[in-house]
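This report goes through one protein model, from whole-chain totals to single residues. The sequence and coordinates come first, and the text follows them.

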Amino acid sequence: MSGKTPGVDSARRVLNVLMLFEERPSLTVEEIASLVEISIPSAYRYVSLLRELALVAEAGGGQYVLTTRVLALAQSVNTSTHLRLEGEAVLEELRQSTGETALLIERSGDYATCTAIRESDMTVRISYAPGEILPLHRGAGAKLLLASQGENWIRRYLTRMVPSLQGEQVDNFVGALQVQQQQPFTISRAELDDGVCAVAAPVVVGGQVVAALSVAGPQYRIQHDALETIGKRVHQAAIDLSASLNRSPVTEP
C-alpha cells in the first residue's frame, strides 16, 4: 500500500470532512471537529470552504447537509461508469463491422481521454492506450467534444491551449467546429498522426454530449466508399449507445 501524499494535509482534511456525510445526513461543526480530530475553528474554515464550493449548506439549528451539487457529481460518475460498460460491446461491434480500431473518447478538463479501445486485427493498425491524453482541438472525436462546449468555452480554450491561433484563424476554427456539429459524423485526416484517418460521432445523454465514438485506421484503407460506410456505422452506433444510456438508470439500485 502506498503512503500518504505529502504536502496536502489541509486538502485531505477537507475531503475527510466531506466524506463524513457518507454515514450521516447532517452534522454540526462540533461533531465534524470531533470526528476529524481538528479544532472547532479549523472545522469552521473547512465547512466555510465547502459552502463556498456549494457542496454543503446550512440546514438550520447549526446542522450542515450535502447539496444537490454533490448529487450531480455522483450522477456524473455513475453516467460515466455506465457509459464505459455499455460502450465495451458497442466498440467490439464497431471493430468487427469496420475492421478498424474503435475508441471511446471522453473529455477531462482541457483534454480528451481514450477511456476504452478495441484494436483492429489488421497487421497495420492504429493503437492507443486506454487513459491516453489527447488535445481537444485535434482528431475527430476530440473535436466533437470541444464543439459541444459552446463557442465561449471554445474561444477560452483556444486562448489557453493554442495561443498561436489569433483573430480570423480563431473565427475560422470555431466556424468549422460549428459546421461539423451539423453533420452525422466528423472526419479528421492526419491531425494526430501522419497517415491516419478517424471518423467520430457524439454520444448524447440527457441532451448533453458525454463522449465520442470513433473509428481510426490508415488513410489508405479509410477513403471513398469505405469512409462513407464507416461513417454511417459509427453514427448509428452512437445513436444506439445514446438511446441505451438514456433508457437505462444511471444510479445504483
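A residue counts as buried when its relative accessible area is under 20%, as exposed when that area is over 50%, and as partly exposed in between. The model discussed here is predicted. With that cut-off, 40% of the 253 residues in the protein chain are buried.

**The chain as a whole**

The secondary structure of the protein chain consists of 8 helices and 9 strands. Among contacts in the protein chain with a separation of 6 or more, 53% join residues 24 or more positions apart. The exposed surface of the protein chain is about 14000 Å², and carbon and sulfur atoms contribute 52% of it.

The structure contains 0 disulfides. A disulfide would require a pair of cysteine sulfur atoms within 2.5 Å. Two cysteines can still be placed by accessibility: Cys 114 is buried, at a relative accessible area of 0%, and Cys 197 is likewise buried, at 0%.

**The cavity**

How many cavities of 30 Å³ or more does the count give? The count comes to 1 cavity. The largest cavity has a volume of about 150 Å³. Its lining is made up of 18 residues, and those closest to the centre are Tyr 128, Gly 139, Ala 140, Leu 192 and Ala 198. Four elements give two or more residues to the lining of the largest cavity: strand 4 (101-108), helix 5 (140-147), strand 8 (196-205) and strand 9 (208-218). Helix 5 gives the most, with 3 residues. By residue class, the lining of the largest cavity divides into 11 nonpolar, 4 polar and 3 charged residues.

**Leu 144 in helix 5**

Leu 144 is part of helix 5. Is Leu 144 buried or exposed? Leu 144 is buried because its relative accessible area is 9%, which is under the 20% limit. Leaving aside residues up to four places away in sequence, Leu 144 touches Thr 186, Ala 200, Ala 201, Pro 202 and Ala 212. Leu 144 and Arg 107 are 37 residues apart in sequence, and their C-alpha atoms are 9.9 Å apart in space.

**Gly 62 and the loop between strands 2 and 3**

Gly 62 sits in the loop between strand 2 (56-60) and strand 3 (63-66). With a relative accessible area of 32%, Gly 62 is partly exposed. Which residues does Gly 62 touch, not counting residues up to four places away in sequence? The contacts of Gly 62 are with Leu 27, Thr 28 and Val 29. For Thr 28, the separation from Gly 62 is 34 residues in sequence and 5.6 Å in space, C-alpha to C-alpha.

**Two alanines with positive phi**

Ala 54 has a positive phi of about 60°, although it is not a glycine. Ala 54 belongs to the loop between helix 3 (40-52) and strand 2. Its relative accessible area of 34% makes Ala 54 partly exposed.

Ala 190 also has a positive phi, near 55°, in a residue other than glycine. Ala 190 lies in the loop between strand 7 (186-189) and strand 8. At 35% relative accessibility, Ala 190 is partly exposed.

**Ala 11 and Glu 37**

Ala 11 is located in helix 1 (residues 9-20), and at 41% relative accessibility it is partly exposed. Glu 37 is in the loop between helix 2 (29-36) and helix 3. Glu 37 counts as exposed because its relative accessibility is 73%, and the limit for that class is over 50%.

The C-alpha separations for these two residues and for two residues described above are collected here.

| Residue pair | Separation in sequence | C-alpha to C-alpha distance |
|---|---|---|
| Gly 62 and Thr 28 | 34 residues | 5.6 Å |
| Ala 11 and Tyr 46 | 35 residues | 9.3 Å |
| Glu 37 and Arg 13 | 24 residues | 9.5 Å |
| Leu 144 and Arg 107 | 37 residues | 9.9 Å |

Methods: Residues are numbered from 1 along each chain as its sequence is written. This is a predicted model: local features need pLDDT of at least 70, side-chain atom pairs count only at pLDDT 80 or more; totals for chains, interfaces and linings use all residues. Side-chain values use heavy atoms; hydrogens and water are left out. Buried means under 20% relative accessible area, exposed over 50%, partly exposed in between (1.4 Å probe, protein chains only). Contact means heavy atoms within 4.5 Å. Accessible areas come from the Shrake-Rupley method with a 1.4 Å probe; for residues, only the protein chains shown count as cover. On a 1 Å grid over the protein atoms alone, a cavity is a set of points where a 1.4 Å probe fits but cannot get out, and a pocket is an open set with protein on both sides within 12 Å along at least five of seven lines; lining residues have an atom within 4 Å of a point. Grid points are joined across faces, edges and corners, and a volume is the space filled by probe spheres set on the points. Ala, Val, Leu, Ile, Met, Phe, Trp, Tyr, Cys and Pro count as nonpolar, Asp, Glu, Lys and Arg as charged, and the others, Gly among them, as polar.
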